[in-house]
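Reader: I'm new to this one and would like a close look at a single part. Could you pick a sheet and walk me through what surrounds it?

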Amino acid sequence: MAAWTSVVGSGLKAALSRRARLLDDRAYWAQNSGDIQRAELRRLLQRAQDTAFGKRHGFQRIHAITSDHGMLEAYRDAVPVREYLALRDEWLEPMRTGAIPDHCWPGVVRDWAQTSGTTAGDKYVPVSKDLLRHNMRSALDIYAHALRRGMSLSKLFGGKIVFLGGSTDLAENDQGVRTGDLSGIVTQLIRWPLSTVYLPGKRVALMSDWTEKMGAMSELAASADVRAISGMPSWSIVLFERVIELARAGGLDATCVRDVWPNFDLFIHGGTRFTPFEPRVRELWSGSPTGDDVPNRIEVYAASEAFVAVQDERGEPSMRLNIDSGVVYEFVPVEELSTGHPGAFLCDKVEKGQRYVVVLSTCGGLWRYVLGDVVEFDSIPPEGPARLRIVGRHKHFINAFGENLIVEHIETAVARAAEKTGARIGEFTAAPVYPDPSTGVRAGLELAVEWHSPPALLEPFGREFDLSLKAQNVDYTTKRKDDLGMRPPTITTLPGGTFHDWLARRGKLGGQHKCPRCANHREIIADLREIAESRERATSGA
């Protein structure tokens with residue numbers, strides 16, 4: 001087995017060395033990013049010009065325009081920016097339920113990723129063979145960047161790599177169309193010899209019960225030579241904790257993860273912002289919340305619709321846009337999205353400091369599709385490659401009283417308060433508190449938190465949380481001035497497991513499913529409070 005895993009690593013190094021050198025060429029990406037994206041669009045239009053969508057929107061005519069800039073403008077004139085519900089009934093559902101060929105993409109799209117839509121219920125997005133190749137190329141870029149950082153791929157692939165994905169079990173209809181978690185679809189890409197290093201393996205990966213699956217995965221990982229892990233920070237923490245417990249039960253004097261996995265050298269994560277979880281990850285890795293971080297940590301921005309970006313520089317919070325793998329990215333200013341004809345920009349025309357909603361055209365058959373994430377750019381051509389940060393969702397915000405808070409504000413404030421008070425954070429979410437004259441409750445903000453280690457007192461944590469929000473947001477500061485518009489934030493402690501119960505009740509436990517970090521309503525917090533109260537009653541026997 002060791003010989004084969006060494007061959008995998010050596011083969012990957014040989015295959016990725018050229019790519020790593022190209023990724024290192026800052027001048028190339030700085031000068032050519034816009035042209036690369038326009039060329040990608042031209043290829044997409046050519047591939048799809050004979051589909052029903054392509055004929056309806058004149059792709060053949062648009063593709064014939066010789067000027068790349070003229071082609072782009074014609075495409076924008078012909079195809080409106082649309083969200084999932086606007087595409088679902090006419091374009092997406094007929095492809096999925098009826099296996100209609102050549103509808104939005106050539107041929108029949110057999111695989112569909114089911115993803116949670118916080119505003120439109122479950123969404124089903126097409127994953128064509130071309131999009132699978134896009135995902136594979138983008139995933140390989142992770143290891144090309146690891147190679148750039150000086151990591152040994154032979155060493156990395158000399159042991160096991162754990163993938164904390166959802167269920168790989170796919171439901172197939174009478175038309176041969178498969179639907180399920182993206183993890184189950186991309187598992188098709190894990191073949192020999194990569195299968196020799198993959199954990200948890202087919203048997204465990206097919207488990208549909210997430211709690212049972214996490215237990216089985218932990219048992220496998222605890223006895224394996226794990227070199228890398230890929231998963232959301234919150235679920236990775238659960239895995240780390242269980243593996244340490246299992247190691248101790250087996251007689252190993254383990255105080256942290258590296259006692260169990262001395263060769264663990266790469267943590268690939270995404271799905272949520274890492275900063276609030278960083279102290280707990282540090283503690284589990286080194287035994288101290290202020291100890292050494294995982295030696296190599298790479299964040300990815302991988303949605304069901306496309307693999308958008310990957311962190312290319314150590315210590316940089318932003319991620320490099322994947323611009324040359326079959327997906328075209330446009331960026332619409334947040335304030336323009338709801339207008340009839342919003343402005344849209346490729347990555348060579350964006351500005352720093354502006355918040356944009358991500359819009360995709362993919363090799364899976366999505367055309368000017370609103371992904372929903374809100375991003376800001378830290379690096380833009382021609383100064384270097386396009387690098388962005390996710391700062392929220394365009395429908396996840398709190399603005400009940402003019403405070404204009406977004407996900408990034410909440411996450412940053414939670415991380416800052418935890419740092420100042422020595423607390424270690426689990427899951428959390430925020431919502432407005434509406435005034436109620438009958439009870440004397442005033443307008444404000446509530447943060448509901450699960451703690452890995454709570455602060456000595458909640459009041460200092462709440463104060464630091466409030467101060468950080470003020471430092472980030474002038475509207476919030478105005479509303480909080482002299483406690484007139486809004487009272488100080490309320491910090492609510494929830495028992496461990498409440499958020500997981502909330503996800504389980506919605507059938508969303510595991511994989512990439514997560515609770516929104518904030519909402520402009522109280523439904524989520526009300527559900528969490530009800531779950532916490534039910535758990536308390538069950539514990540007390542009431």
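Author: Let's take the three-stranded sheet first, and then step out to the other sheet and a few residues around it. Keep in mind that this is a predicted model.

The sheet is an open one, its three strands come in the order 18-19-20, and the pairing is mixed. At its edges you'll find strand 18 (424–433) and strand 20 (490–493); each has a single partner strand, so one side of each has no neighbour in the sheet. On average, neighbouring strands here are turned by 25° against each other, direction ignored.

Now zoom in on strand 18 and strand 19 (residues 444–453). They pair in the antiparallel sense, with eight bridges between them. If you want a spot to click on, try Arg-424, which stands opposite Ser-453 of strand 19.

Two helices come into the picture as well. Helix 19 (residues 523–540) packs on the sheet and touches strand 18, strand 19 and strand 20. Its direction makes about 125° with that of strand 18. Helix 15 (residues 407–421) lies across strand 18 and strand 19, and runs at about 130° to strand 18.

Next, the other sheet. This one is open too, with mixed pairing, and has 11 strands in the order 6-3-7-8-9-10-11-15-14-13-12. Strand 6 (198–199) and strand 12 are its edge strands, each pairing on one side only. Within it, strand 14 (residues 369–379) and strand 15 (residues 387–393) run antiparallel and are joined by six bridges. One pair to look at is Glu-376 with its bridge partner Arg-389, in strand 15.

Follow the chain from strand 12 to strand 13 and you pass through a loop that holds Asp-348. Asp-348 is buried, at 19% relative accessible area. Its side chain makes a polar contact with the side chain of Arg-38, at 3.3 Å. Setting aside neighbours within four places in sequence, Asp-348 is in contact with Gly-34, Arg-38 and Pro-381.

Strand 12 (327–333) and strand 13 (356–362) also help cover the buried residues of helix 5, as do helix 2 (26–48) and helix 4 (59–63). In helix 5 (residues 68–78), those buried residues are Met-71, Leu-72, Ala-74, Tyr-75 and Arg-76.

Last, the cysteines: there are zero disulfides in the whole structure. For Cys-363 that is because the closest cysteine sulfur, in Cys-104, is 14 Å away, too far for a bond. Cys-363 counts as buried, at 5% relative accessibility.

Definitions and conventions
Residues are numbered from 1 along each chain as its sequence is written. This is a predicted model: local features need pLDDT of at least 70, side-chain atom pairs count only at pLDDT 80 or more; totals for chains, interfaces and linings use all residues. Side-chain values use heavy atoms; hydrogens and water are left out. A disulfide is a pair of cysteine sulfur atoms within 2.5 Å. Buried means under 20% relative accessible area, exposed over 50%, partly exposed in between (1.4 Å probe, protein chains only). Helices (H or I, at least four residues) and strands (E, at least two) are DSSP runs, numbered from the N terminus. Contact means heavy atoms within 4.5 Å. Two strands pair if DSSP finds at least two bridges between them. A polar contact is a pair of N or O atoms within 3.5 Å; within protein, one must be able to donate a hydrogen and the other to accept it, and residues adjacent in sequence count only if both atoms are side-chain atoms. Axes are lines fitted to C-alpha atoms, for helices over the stretch in contact, and angles run from 0 to 180 degrees between N-to-C directions.
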